[in-house]
Amino acid sequence: MAFHSVDWYVMVLVYNKFTISEDKTMAMTDIIFILIFLPTALLTLLFKPYLQKYILLFLSLVYYACGSPEYFVLLLLLLILNIVLIYVIQKNTGGGVFSLLVLIIGILLNVGPLFYYKYYNFTVESVNQVLGTCFTARDLLLPMGISFFSFKAISLLIDVYKGKVILDKNPIYGALYLSFFGQIVSGPICRYNDFYKNMNLKRGGVNSAWNLFTDGGYLFVKGFIKKVLLANILSQVSTEVFSMDLVETSAPLLWLGSICYSLQLFYDFSGYSDMAVGVGNMFGISCPKNFDYPYITKSVSEFWRRWHITLGAWFRDYVYIPLGGSRVDSRIRLYFNLLVVWLLTGIWHGANWTFIFWGFSYFTAISFEKTFQLPSRLKQGWSRGIYRVLVLLFINFQWVIFNSSDLHAGLSYIKHMLIGYGYEVANVRTVVLLEEYGVIILAALVLATPFIPYLRRFFEAKGSKAARGAECVMAALTGILFILALSSVIAGQNNPFMYGNF
């Protein structure tokens, strides 16, 4: 495959709020990926499982070399050093000072490049502002998938140190886990034991392998439709509204923009997650789902058990629980543990004070819920309903901060949502946008709930014949939507994944 002859799709955020430029990559929604790279990779299913792993590793390295050529050598170096350190830890079983020292070196090895490329400029600028110094920022490109690679490597180092994982004698297993093309850009953060749970397709028999493959194919198509036909279209509204001068807007227009952005972000990232998990399933690679209808949440805490599930589980297992978790002697210690986790979660998302404020706000809200035992203390249906609405409003405001260039811009946006100037032209524009995108917005709202699973259960209750008929209709509709989405991408109507820069 002549990858070098292709002009790769340039990955940038809808809003370039970072000082770091995004590098080039081949997104899963690119025609090159769908029609050339993925089918080529799927040919590895014809080979023996052990040979398949070698070819998948080679293709994963090719994928990275095409997407982030400037840092390909860095990836190889980190890959080799992590594998060597893991085997050193594994050889010195039983813990001990030496193993602990190697573990610390391994963690620093992964945190170092992550800090340098993602947070160096932010740190320099913050120090200059506070101390009046003149340290020079650097024009740094962000290595593709550096955050997710680092988190997977750290989790593998710790799990091997604790004896939860025994790395195979063949280093190909660890290398493929860390660099698999389906998860290297934006996760999900799969664990090593889960990754290889079903990898040897022949082991489960032909039917098991075929079921995994078809389930993966459906997930991939579902995610592709989410991204192209929902997230990309919703972005046209949110991009327009968030780019406007606030004095030329109105409260209804700003609310429309924030709601569209909340939905856009959900369909963008959950769409990518579906595609990534689907690609893995096609190869027998297991990974837990990353989203579980987060906007039907009853509380802020529950929202984060439904949103970016693998990231939340990573912080829980490798930060929160080691700090003591909820099983601590005092509430002060509990709040401290929560504060550390949520500040790290905010910082992980980006080098900007907006993300630190965003993380601190979630810490405050979750601490409030734990202190007053909400929403479990609310006994009346109406009070639980009101609290649920307040939670969704809080989440919506948080996404406004998340999407703003700086903290002042985000807070100003929220202020105008509540006490907007009511610019008449903006009100007219709100009506026009609703007329043009109302059907898509309504569909996005409905599909953000378990509406489809409810329909499946409804027809299954009617009998096997009704269930088969419903499945046929659903399959036909999915096929039509996939063709429409593919046509849209071919026509050049495709946006980069928003989480590609995190």
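In the next few minutes I will go through the confidence of this model, its two largest pockets, and the surroundings of one asparagine.

Let me start with confidence, since what we have here is a predicted model. The average pLDDT of the protein is 90, and 92% of the residues reach at least 70. Two stretches deserve caution: in residues 1-23 the pLDDT remains under 50, although the model still gives that segment 73 contacts beyond four places in sequence. Residues 201-206 are also below 50, and for this stretch the model has eight contacts beyond near neighbours in sequence.

Now to the pockets. The largest pocket holds about 1,100 Å³ of space, and 37 residues form its lining, with Tyr218, Lys222, Lys226, Leu447 and Ile452 lying nearest the centre. If you want to trace that lining on the structure, the elements that contribute two or more residues are helix H8 (205-242), helix H9 (251-282), H16, helix H17 (451-461) and helix H18 (464-490). As for chemical character, the lining divides into 26 nonpolar residues, four polar ones and seven charged ones.

The second largest pocket contains about 520 Å³ of space, and of the 17 residues lining it, those closest to the centre are Trp304, Arg305, Gly312, Arg316 and Trp342. Here at least two lining residues come from each of helix H10 (300-306), helix H11 (309-320), helix H12 (331-349) and helix H13 (353-372), and it is H11 that gives the most, with seven residues. The breakdown for this second lining is 10 nonpolar, four polar and three charged residues.

I would like to finish with a single residue, Asn427, which sits in helix H16, spanning residues 424-447; H16 is also one of the helices we met in the lining of the largest pocket. Which residues does Asn427 touch, once those up to four places away in sequence are set aside? They are Ser250, Pro252 and Gly422. With Ser250 there is a polar contact between the two side chains, at 2.7 Å. With Pro252, the C-alpha atoms of the pair are separated by 6.9 Å, while the two residues stand 175 residues apart along the chain.

To close, I would keep two things in view when looking at the model: the stretches 1-23 and 201-206 with pLDDT below 50, and the side-chain contact that joins Asn427 to Ser250.

Technical notes. Residues are numbered from 1 along each chain as its sequence is written. This is a predicted model: local features need pLDDT of at least 70, side-chain atom pairs count only at pLDDT 80 or more; totals for chains, interfaces and linings use all residues. Side-chain values use heavy atoms; hydrogens and water are left out. Helices (H or I, at least four residues) and strands (E, at least two) are DSSP runs, numbered from the N terminus. Contact means heavy atoms within 4.5 Å. A polar contact is a pair of N or O atoms within 3.5 Å; within protein, one must be able to donate a hydrogen and the other to accept it, and residues adjacent in sequence count only if both atoms are side-chain atoms. On a 1 Å grid over the protein atoms alone, a cavity is a set of points where a 1.4 Å probe fits but cannot get out, and a pocket is an open set with protein on both sides within 12 Å along at least five of seven lines; lining residues have an atom within 4 Å of a point. Grid points are joined across faces, edges and corners, and a volume is the space filled by probe spheres set on the points. Ala, Val, Leu, Ile, Met, Phe, Trp, Tyr, Cys and Pro count as nonpolar, Asp, Glu, Lys and Arg as charged, and the others, Gly among them, as polar. pLDDT is the predictor's confidence in each residue, from 0 to 100.
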